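Student: I have a model open on my screen and would like to learn how its descriptions are justified. Could you take me through some of them?
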Amino acid sequence: YSALAIPIVVGIVVVGSFERRIAFYSKSFDIRVCVVDLSKKQIDAWNSRDLPIYEPGLREVVDQSLGKNLFFSLDIDSEIKMADIIFISVNTPTKTQGIGAGRAANIKNCELCARKIAEVSESDKIVVEKSTVPVRTAQAVNRVLECNEKGLKFQVLSNPEFLAEGTAIADLMKPDRVLIGGNQSPEGLKAAETLVSVYANWVPREQILTTNLWSSELSKLVANAFLAQRVSSINSISALCEATGANVSEITRAVGMDDRIGKRFLNSSIGFGGSCFQKDILNLVYLCETYGLKECADYWNQVILMNDYQKKRFSEKMVACMFNTVTGKKIAILGYAFKKDTGDVRETPSMFVVRDLLLEQAQIHVYDPQVKREDMWAEMDYTCDLNPSTYTGLESAVTTSPDAYAACDGAHALAVLTEWDEFKELDFEHIYKSMAKPAFVFDGRNILDHDALRKIGFEVHAIGKPD
Ligand code: UGA
């Protein structure tokens, strides 16, 4: 912070540890980073041995820096006063009511942070939007900051985060690029250069891009929309494969070897989940509508509709294959997180499959190495309006199993809904013997050896593959 000497005289305060962004990392001990939050529970957890989120490699990064140049604190006012750069990293959920309900992002928390910064600051500061926001949010943040009564000068930058859960630490250490958007005035360019010099501690300069504010804000939404669109595109083809006898993995290989298309993000699945893709596309759709671009809005909305179709298609196929009834049948759900190597269940596609099976009165046994039962219910309640206190029989219809073998014991079917590596290593001979017959496997991630399973005796159905 300001008391530190050259070369880098910045302190960074990151506001809002709820946002699962691990943006506080700094390899340089010349930079003091303090993460502040209103929630004592969150801050205590970050200061403890039991971090509030699961992320491979996170423990080591925190251990290296905690108490040296990384701090977690509830003392928001003092930390804001001390900082030279302030990252706003609060969540921006989709609005559930009012104007733009179901599509627009609510930037209330960003505005509250800006008001707090304006109120307590005693020196000029750089304020960085780290949260994913609609285009022109920086304008609102700037207007609020400008109204401070002490005549302080603030520069607002946009620095969207591109790291993905499960690989966050690797993405952070070696990002494809860092994007910094700023006002194109001399003061704005100087502020952007200060932030560039922070990242330049570990990222090659040519990978640090600087743009105007609006391009930076919009690039984040576009990047996520393009990634999600690839998943929806291949998922639409998976349905066609199942209808025609083509194999989606062979198609992915053939198509992905074209350098112009590329191999990544073409794994067909039960649909994409997570807190970002759907929210950001809805945000993009709302922006297009706001600017009167109906055709553009419809185009991007289709990515979401295809995703909904894919989730529904999977649960309907499960029921159809099991003689059109799953009532009272035990079904093992292997994997509940929205992807492997995380315990995050926000918008997880597994939840929608489980919901559909519950409505068909199946007995669900879930095993996921990282997901907690209370998180499962909280998300089910928030997104599907289903919770044990309002829906009789729900609590007993879902069992959380200690391992995959317990979940599969006596089950009519097992469904792989998250691509955890450990599922590939299971003893399927043993599982087959313990299951009701015919024993069904529904591979929603195409990670199992289907030929080997068929040899054991399973009836296997997978995404985009001939049955
Ligand atoms: C995504 C982006 O990849 C990050 O770049 C971005 O920073 C982040 O959102 C964010 O905005 O914070 P994340 O949601 O953590 O990251 O996870 P992804 O790896 O993108 O996966 C999203 C979903 O798509 C998962 O459910 C995953 O299983 C699914 N997916 C992904 C597929 O079904 N097929 C694929 O080929 C790839």
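Tutor: Gladly! Keep in mind that this is a predicted model. Let's begin with an open sheet of 6 strands, whose order is 11-10-9-12-13-14 and whose pairing is parallel.

Student: Why are strand 11 and strand 14 said to stand at the edges?

Tutor: Strand 11 (398–400) and strand 14 (459–462) each have a single partner strand, so one side of each lacks a neighbour in the sheet. From one strand to the next, the twist averages 20°.

Student: How do you know that strand 10 and strand 11 pair?

Tutor: Two strands need at least two bridges to count as paired. Strand 10 (residues 363–367) and strand 11 have 3 bridges, in the parallel sense, so they meet that cut-off. You can look for His365, which stands opposite Thr399 in strand 11.

Student: What holds paired strands together in general?

Tutor: Backbone hydrogen bonds pair the strands of a sheet, in either a parallel or an antiparallel way.

Student: And what makes strand 7 and strand 8 a pair?

Tutor: Use the cut-off of at least two bridges again. Strand 7 (residues 178–182) and strand 8 (residues 208–212) are joined by 5 bridges and run parallel, so they count as a pair. Leu179 has Leu209 in strand 8 as its bridge partner. Between the two strands the chain goes through helix 7 (residues 186–199), in a right-handed β-α-β crossover.

Student: Now the helices. Why are helix 10 and helix 11 called roughly antiparallel?

Tutor: Look at the angle. Helix 10 (residues 277–290) packs against helix 11 (residues 294–321) at about 165°, with the axes 8 Å apart. Angles over 145 degrees count as roughly antiparallel, and therefore the name fits this pair. The crossing of helix 10 past helix 11 is left-handed.

Student: Which residues meet there?

Tutor: From helix 10 they are Gln278, Ile281, Leu282, Leu284, Val285, Cys288 and Glu289, and they meet Lys294, Cys296, Ala297, Trp300, Asn301, Val303 and Ile304 of helix 11. This contact divides into 10 nonpolar, 2 polar and 2 charged residues.

Student: What makes helix 4 roughly parallel to helix 5?

Tutor: Helix 4 (residues 108–120) and helix 5 (residues 137–146) pack at about 30°, their axes 8 Å apart. The cut-off for roughly parallel is an angle under 35 degrees, so helix 4 is roughly parallel to helix 5. Their crossing is right-handed. Cys110, Glu111, Ala114, Arg115, Ile117 and Ala118 of helix 4 make the contact with Thr137, Ala140, Val141, Val144 and Leu145 of helix 5. By kind, these residues are 8 nonpolar, 1 polar and 2 charged.

Student: At what angle do helix 8 and helix 10 pack?

Tutor: The angle between helix 8 (residues 213–244) and helix 10 is about 115°, and their axes are 9 Å apart. Helix 8 passes helix 10 in a left-handed crossing. Leu221, Asn224, Ala225 and Ala228 of helix 8 meet Phe277, Asp280, Ile281, Asn283 and Leu284 of helix 10. Here the division is 6 nonpolar, 2 polar and 1 charged.

Student: Which loop residues should I look at for their backbone?

Tutor: Try two. The peptide bond from Lys437 to Pro438 is cis, with omega near -5°, and Pro438 is in the loop between helix 16 (428–434) and strand 13 (440–443). Then there is Phe265, in the loop between helix 9 (248–256) and helix 10.

Student: What is notable about phi of Phe265?

Tutor: Phi of Phe265 is near 60°, a positive value in a residue other than glycine.

Note on methods: Residues are numbered from 1 along each chain as its sequence is written. This is a predicted model: local features need pLDDT of at least 70, side-chain atom pairs count only at pLDDT 80 or more; totals for chains, interfaces and linings use all residues. Axes are lines fitted to C-alpha atoms, for helices over the stretch in contact, and angles run from 0 to 180 degrees between N-to-C directions. Helices (H or I, at least four residues) and strands (E, at least two) are DSSP runs, numbered from the N terminus. Angles under 35 degrees count as roughly parallel, over 145 as roughly antiparallel, 65 to 115 as roughly perpendicular and the rest as oblique. A crossing is left-handed if the near helix is turned anticlockwise from the far one by less than a right angle, and right-handed if clockwise. Two residues are in contact if their C-beta atoms, placed from the backbone, lie within 7 Å. Ala, Val, Leu, Ile, Met, Phe, Trp, Tyr, Cys and Pro count as nonpolar, Asp, Glu, Lys and Arg as charged, and the others, Gly among them, as polar. A crossover is right-handed if, with the strands pointing away from the viewer, the path from the first strand over the helix to the second runs clockwise.
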